Amino acid sequence: MAHTRKTAGSKKNYTQAQAPLCVKDLTVAYHRKPVLWDIDLTLPEGQLIAVVGPNGAGKSTFIKSVLGLVPRASGAISIYGKSYESQRHLVGYVPQRESVDWDFPVNALDVVAMGLYRQIGWFRPVNKNHRKKALDSLEKVGMANYAYRQISQLSGGQQQRVFLARALAQDARLYFMDEPFAGVDAATERAIISLLKELKSVGKTCVVVHHDLQTVPTYFDHVVLLNMRLVDAGPVETVFNEENLKKTYGGRLTLLTHALNEYAKTPQFPSNTD
Amino acid sequence: MRNRAKFIHRNLLSILIIVATVLIGTSFSPAVSAGNLATDSLRSDLVRVFMFQDYNTRVVVTGTTLLGLAAGLIGTFLVLRKRALLSDTLSHATLPGIALAFILMTLVSGDGKQLLPLIIGAAIFSVLGTLSVLAIQRFSRLKDDAALGIVLSVYFGLGVALMGMATRMDAGNAAGLSSFIYGKTASMLFSDALLIAGTALVAAIACILFFKEFSMVCFDADYGMTQGWPVARLDFLMMALVILVTVIGLQAVGLILVVALLIIPAASARFWTFRLRNMLWLSGAFGALSGFVGSGVSALMANLPAGAVIVLTASLFFIFSMVFGSARGLLHIGMDRLRLGRKIMDENLLRDLFEWSETNPNEGTPGIEISALKHRRSWTQSALKKTIRRLHRQKTINVYSENRVNLSKSGRLAAFEVVRRHRLWETYLITHADVAPGIVDLSADRIEHVLEPELIRQLEEKLEAETKEKLLSSPHTISFTGADGHRTPKMTR
């Protein structure tokens, strides 16, 4: 494999042990077809981080494998220096809006309260305090007036904001957001942006899968360029350049994709343990 | 909060209606169909069955009612988890378990027809069936429906073959086994009813205890997993409850029909509410009522198998709910649509009248001719007439002789609001059109009629400079003389 490996945070003066997310040799495969290949990555704290790459580049898979929703073929993940399992409470997740059935018989507040379920614990019902907390989170995304609205009656952007509010309610330190800007209206986009800024101002780290290259420099501090492998990662001003984008979206990568597809068809997949 | 209260209020009313319908239906309809001669004996039969005077009936009716309750409760989560078809598969997969248990028990003790071993056999095979489905989904690229179909038919086929063997072993005794396929409540013993009652209790308690956990797994299992909930185990518990209710229900309604008790009450409940908690209780109530009425009716009439009657009763509730449901019943949706249509017509007419009075400030009293209004939009004669009649009844317009109308005092106020909204929206579209379309997901021509208060407030903020004078002037020329493109009005003056 002739590709460069760079560890994003290596130039900065914090150790990997404290980094919000440290990924080592991550490989993920669906039905023997590799989707992510040998990812090595360390992300800085307190920044807004975009994960960009073409369709099928494994951006969502990357997040899901970090969160343990997709099995890893190999690799190790650490969150603030410890295993993800022991640091779950520090991690908030905003899935893609399409991942759930919005016809489900609950209202916006019920969904947001799900972010508090872990805090509430087994068997206990959602009480007044929790509802108030959930309402506060809805307020932060400008949705307080829609708290008692059935979720199917919300627009796509409003549904997205409900998902954000659910993650906020959990009060995490590190947030993973899967395409929060996909298919939302202008009001929601503004709401998400101001929310991201607010999260940054209180020292939270946000990892956001993003598809709009134009807005990357204005919205984000740090960028991860991904196309099945890690192309580059680092501060936007140094990493987000034409050469890297060509590498991410350009011709050379289609060759790699092609090669990996061919590879998947061959009889065996090498056991990749580290 | 007010909305919630309204929902509960609405649902309560609906429940009362249902209960009343059922009571009236069950007490009168058989009597009517049976004719006058039999009325007396039928009435006494009815009293005997539904007042639980008969010991046997008491056991059966209680058993099926509780079964319906349990199935309705856990069925809610089954349906919301989109596993309705899986429950069909696993109920069919019980058959080989029943047959095998019978054969084993006949070999061991000579008597194969013991309920507990049969039920255990059924449960084991329904678990095996579920695991087979999961295995096929996991290790092959077959789609879910194919996996379900394969497992259902293979297990059922195996069951039929084993049933054949069992019949050959012991011709007399094995005949009763077929009651597990179609159900036979008459053979229900007190101990069976107890077993069902126990199961119903377990299901009800589990649904209350795990309400929060189950609903999260049904809505967004992935998110639950990232929160550290043991989603797989919760899922398993849910399926275990489904299997429990299925095997307990086998004897009463049979393995083909038990799935209906799990699915239909939940599906019916969905028409009445947008709240999961209400849906859960409603579904339980529908299930219990179906069991109660169904087994009662079948006790009244010989040769009418209870399982079938129970399922048919449940489906009656379903049809009733689909039509009359207060949350998303067809009638409700139709009424909403009708109301919106009327509102749009009313507002259009109000706006036309307002704009006419704007362009003709001096001619207040006689009003505009109805024929002139008609040409302003694509009104049909009858729609315009009805709208005028409606507004006249609301006293928002005055109707004069020679078919002239104008706005009344209260009408002016209402029309002012409509026009203001319309112009806000128009101005917004024109000045900010590049960001506008995403804000409301409805077609543009209907939008002004459904603008929410908050959105109007946002519009006002946005257009602050333009709205200083309270009412914007129309951004385009309002013409009642035919200059305005697609609007081809004819004004006589």
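In this predicted model, A:Gly92 has A:Tyr175 as its bridge partner in strand 6 of chain A. The two strands involved here are strand 5 and strand 6 (residues 174–177) of chain A, which run parallel and are joined by 4 bridges.

Stepping back, let us look at the sheet around this pair. It is an open sheet of 6 strands in chain A, with the order 5-6-7-3-8-9 and mixed pairing. Strand 5 and strand 9 (229–235) of chain A are the edge strands; each has a single partner strand, so one side of each lacks a neighbour in the sheet. Between neighbouring strands the average turn is 15°, direction ignored.

Two helices of chain A pack on this sheet, and the table sets them side by side.

| Helix (chain A) | Strands touched (chain A) | Angle between directions |
|---|---|---|
| Helix 6 (residues 156–169) | strand 5 and strand 6 | about 170° with strand 5 |
| Helix 10 (residues 242–249) | strand 8 (222–227) and strand 9 | about 155° with strand 9 |

Now for the meeting of the two chains. Chain A and chain B each bring residues to the contact: 25 residues from chain A and 25 residues from chain B. On the side of chain A that touches chain B, the elements giving two or more residues are strand 5 (91–94), helix 4 (117–120) and helix 7 (186–201) of chain A. Sorted by class, that side of chain A holds 17 nonpolar, 5 polar and 3 charged residues.

Strand 5 of chain A is a good place to pause while you turn the model. Strand 5 stands at an edge of the sheet, is touched by helix 6 of chain A, and gives two or more residues to the side of chain A that touches chain B.

Technical notes: Residues are numbered from 1 along each chain as its sequence is written. Chains are lettered from A and ligands numbered from 1 in the order in which they are written. This is a predicted model: local features need pLDDT of at least 70, side-chain atom pairs count only at pLDDT 80 or more; totals for chains, interfaces and linings use all residues. Two residues are in contact if their C-beta atoms, placed from the backbone, lie within 7 Å. Ala, Val, Leu, Ile, Met, Phe, Trp, Tyr, Cys and Pro count as nonpolar, Asp, Glu, Lys and Arg as charged, and the others, Gly among them, as polar. Two strands pair if DSSP finds at least two bridges between them. Axes are lines fitted to C-alpha atoms, for helices over the stretch in contact, and angles run from 0 to 180 degrees between N-to-C directions.
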